[in-house]
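Biologist: I am new to this structure and would like a short tour. Could we begin with the whole protein and then turn to particular places?
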Amino acid sequence: MSSTPDRIPADGLAVGSAVRVDAQLVAFSFVDNAGITRVKTVPVERLSYAGQYGVGASPTFDVFSFDDVMNVGRYVDGPDGDLRVVPDLGRLTELVCQRGWAWAPADKFTQEGVRSPACQRHFAARQVEAAGRGGLRLAMAFEHEWALGEDDSEFVPVVTGPGYGMIRLGQVADYARDLVGALDRQGVRVQQFHPEYALSQLELSVAAADPVAAADDAVLVRHTIRQVSLGYGWRATFAPCIDPDGAGSGAHLHLSVHDEQGSLLAGGAGSHGLRPVGEAFLAGVLRELPALVAVGAGNPASFLRLLPSRWAGAWQCWGRETREAALRLITGVRGTEEWAANAEVKCFDATGNPYLVVGSVIAAGLAGVAEELRLPPEIHGDPAAFGDDRRVVRLPATAAAAAERLAESKVLAEAMGPELHDSLLTVRRAEAERYADADPRELVELTRWRF
C-alpha cells in the first residue's frame, strides 16, 4: 500500500462490503511508538462497517510506553478525544496460525474522517510516495530473530547446542516446517530459516516488498511465530536481550533502491558498483543513524544488545559485507548484482515500530539524495580494535542519548511532522528516564515478554 487517501473513502480503505473472508472474528492491528502491536477486533459481520467507519481508539496510544504507562506529550496530554482505527481490507488475511480469525493492518483517522497526523503507517506511505515523486522505488524486508522459551517466569531455553548447528535444527524441525507453511498460506514468502547464535535463538528472512507491505509483513510474521510457538507449548520473544552476557535479537532492515534504469546499488562507477544516487541515499541513512537508533532500537533494553563485537551494528560506519558496521552493503554473488544488491541496517531490533523504521530510513535516504551526499571511506574488520581512529563513531549507547539525537534531527522532525515526532520523543524520553537506573537483569525481566 504505497498510496493512501487523506480522508476515509466512501467504501473504506479497500472494497468494504464486497470483502468476504472465512473467519468469525477479524483483528485490526496498529503499532505504537514503543513498538508494541495494539489491536481492536470485530465479528466478521461488522467488517464492512469497520472498513468504512473504523473502530474507536484513544489517542493516548500514541504516548504509551512499552510498560503500558501513558505519558503526556505536547499534542496528547490526557484522556480526551477519539480516533478511528480503519482496517486496510486490501491486506485482509485469514490467519492459519489462529483458527477462525482474520487480520488486517489499520490506519488511524480522526472522527472527522481526516488522516491522523500521528498515524505511523501513513507516515511510511508518505515517504514511499515522496520517493516515487523523485523517480525512486524501494523494496524492503526485515530479518526476524527470536528466542524460544518454555517457562513464563524464568526463561528455559527450547533450543540448545552449537550456534547455527544441525543439532539445534533437529530440535525444531517440525516447528520450522509448520511455521514456514503457515506463513506461506498467509501470503508471506520465506527465503531462509536457520538456528541462530544466541540463547535459544532462531532466525527467519522473508521476501522483499513495498516498504509499507514490508512493515505489514513484520507484524504478521511476528504474530504467526508467537501463535505457532504457543501451539508447541513454547513462548517466542522478540525482546532485544534475554541474556545480558550474550548476544541479543535484532530486526535488521534490508533495502534496495531502483530508478527506471534499474538498481542504484549496482552497475555504477562508485564503490562496489554504487550509482551516484544510490550512494547518496545510503550516505543519508548513514548520517542519520544516531537518530534512527531512537526510532528502531530506542528501548532501554535495546542497549544491552547494541554492543561492539556482537555483530549488532553499534558503529556509525559502512562496509561491504562488514557485519560490525551499522550499514552493511551486500553486493550479491557475481552475476546477480542487478537484482540482489541491497543494504542492511543492522542496529534495529523489534522494539522499533516497523512503519516508523521504514519511513524514517526512506526520509533519511531522500535527504541524502537531495543534498548529493557521498559516503566516507568504508571500514574493514571490527572497529572495537581500531583504537583512536576518529573515522568510526559509536552510535548512542543509552536510550536517553538516542532520544536526544532524534530530537536534534531536522530531517526526521520534518518528515514525521510535529505530532508524530513529539509523540515518539515523549515515549522514548519517558522510557529512558523511568529505567535510567535499572540494572541489566531487571531490564531483561521487564521486556522479556513484551515484544
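Modeller: Of the 451 residues of the protein, 60% count as buried. Please keep in mind that this is a predicted model.

Biologist: How many helices and strands does the protein have?
Modeller: There are 13 helices and 16 strands in the protein.

Biologist: And what does the C-alpha trace span along its principal axes?
Modeller: The span is about 60 × 50 × 50 Å. The radius of gyration is 21 Å, which agrees with the value near 22 Å that a compact globule of 451 residues would have.

Biologist: What share of the contacts with a separation of 6 or more comes from residues 24 or more positions apart?
Modeller: Such residues account for 72% of those contacts.

Biologist: Let us change topic. How many salt bridges are there?
Modeller: The count comes to 26 salt bridges. One of them joins the side chains of Arg38 and Asp68, with 2.9 Å from N to O. This pair links distant parts of the chain, 30 residues apart: Arg38 belongs to strand S2 (residues 37-43), while Asp68 lies in the loop between strand S3 (55-57) and strand S4 (83-87).

Biologist: Is Arg38 buried or exposed?
Modeller: Arg38 has a relative accessible area of 12%, so it counts as buried, the limit being under 20%. Its partner Asp68 has 35% and is partly exposed.

Biologist: Which residue does the side chain of Arg177 meet in a salt bridge?
Modeller: The side chain of Arg177 meets that of Asp178, at 3.3 Å from N to O. Arg177 is exposed because its relative accessible area, 52%, is over 50%. Asp178, at 32%, counts as partly exposed.

Biologist: Where do Glu404 and Arg429 sit?
Modeller: Their side chains form a salt bridge of 3.0 Å, N to O. Glu404 is in helix H10 (residues 399-408) and Arg429 is in helix H12 (residues 418-434), so the pair, 25 residues apart, links distant parts of the chain. Both are partly exposed: Glu404 has a relative accessible area of 34%, and Arg429 has 38%.

Biologist: Which residues are joined into one network by salt bridges that share partners?
Modeller: The network consists of Asp88, Arg91, Asp107, Arg115, Arg121, Asp216 and Asp217.

Biologist: Now to empty space. How many cavities of 30 Å³ or more turn up in the whole structure?
Modeller: The search finds two. The largest has a volume of about 60 Å³, and the second largest has about 40 Å³.

Biologist: What lines the largest cavity?
Modeller: Its lining includes Ala147, Ala198, Leu199, Gln201 and Thr237, and also Pro240, Cys241 and Ile242. By class, the lining has eight nonpolar residues, four polar and no charged.

Biologist: And which residues line the second largest cavity?
Modeller: That lining is made up of Phe30, Val31, Ala106, Lys108, Cys119, Gln120, Arg121 and Tyr355. Strand S1 (25-31), strand S6 (101-110) and helix H2 (120-133) are the elements that each give two or more residues to the lining of this cavity.

Biologist: How does that lining divide by class?
Modeller: The lining of the second largest cavity has five nonpolar residues, one polar and two charged. Arg121, listed in this lining, also belongs to the salt-bridge network described above.

Definitions and conventions:
Residues are numbered from 1 along each chain as its sequence is written. This is a predicted model: local features need pLDDT of at least 70, side-chain atom pairs count only at pLDDT 80 or more; totals for chains, interfaces and linings use all residues. Side-chain values use heavy atoms; hydrogens and water are left out. A salt bridge is a side-chain nitrogen of Lys or Arg within 4 Å of a carboxyl oxygen of Asp or Glu. Helices (H or I, at least four residues) and strands (E, at least two) are DSSP runs, numbered from the N terminus. Buried means under 20% relative accessible area, exposed over 50%, partly exposed in between (1.4 Å probe, protein chains only). On a 1 Å grid over the protein atoms alone, a cavity is a set of points where a 1.4 Å probe fits but cannot get out, and a pocket is an open set with protein on both sides within 12 Å along at least five of seven lines; lining residues have an atom within 4 Å of a point. Grid points are joined across faces, edges and corners, and a volume is the space filled by probe spheres set on the points. Ala, Val, Leu, Ile, Met, Phe, Trp, Tyr, Cys and Pro count as nonpolar, Asp, Glu, Lys and Arg as charged, and the others, Gly among them, as polar. The radius of gyration is taken over C-alpha atoms; the globule rule is 2.2 Å times the number of residues to the power 0.38. Contact means heavy atoms within 4.5 Å.
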